[in-house]
Amino acid sequence: MTDNTKTIQLPEELYASIQELKQIFTEITGQEIKEDADVIGILLSAFVDSIQGWSEWEQDWETITQ
């Protein structure tokens, strides 16, 4: 099996922000977030959820205002 992973160097500011978010998520959940990629995944998941929530809210608004 071939390993297709790639390592990239993050800008210092982004790396520092991810480390801070790991600490915040750990404090909130009580579970240690070990991987930087997990933080990015959490943020992307929240972003997608917010878009889906907006779409549902918009549909509800259209129904209410008809």
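Here follows a short conversation about the terms used for this predicted model.

Guide: In this predicted model, local features need pLDDT of at least 70 and side-chain atom pairs count only at pLDDT 80 or more, while totals for chains, interfaces and linings use all residues. Residues are numbered from 1 along each chain as its sequence is written, and side-chain values use heavy atoms, with hydrogens and water left out.

Visitor: What makes the pair Asp36 and Lys22 a salt bridge?

Guide: The term asks for a side-chain nitrogen of Lys or Arg within 4 Å of a carboxyl oxygen of Asp or Glu, and the closest N and O atoms of Asp36 and Lys22 are 3.0 Å apart, so the pair fits the definition. Asp36 belongs to helix 2 and Lys22 to helix 1 (residues 12–29), so the bridge ties together parts that are 14 residues apart in sequence.

Visitor: Why is Lys22 called buried, and why is Asp36 called partly exposed?

Guide: Buried means under 20% relative accessible area, exposed over 50%, and partly exposed in between, with a 1.4 Å probe and protein chains only. Lys22 has 13% and is therefore buried, whereas Asp36, at 22%, counts as partly exposed.

Visitor: How do you know that the protein is more spread out than a compact globule?

Guide: The secondary structure comes to two helices and zero strands. The radius of gyration is 18 Å, well over the 11 Å that the globule rule gives for 66 residues, so the protein is more spread out than a compact globule; the radius is taken over C-alpha atoms, and the rule is 2.2 Å times the number of residues to the power 0.38.

Methods
Helices (H or I, at least four residues) and strands (E, at least two) are DSSP runs, numbered from the N terminus.
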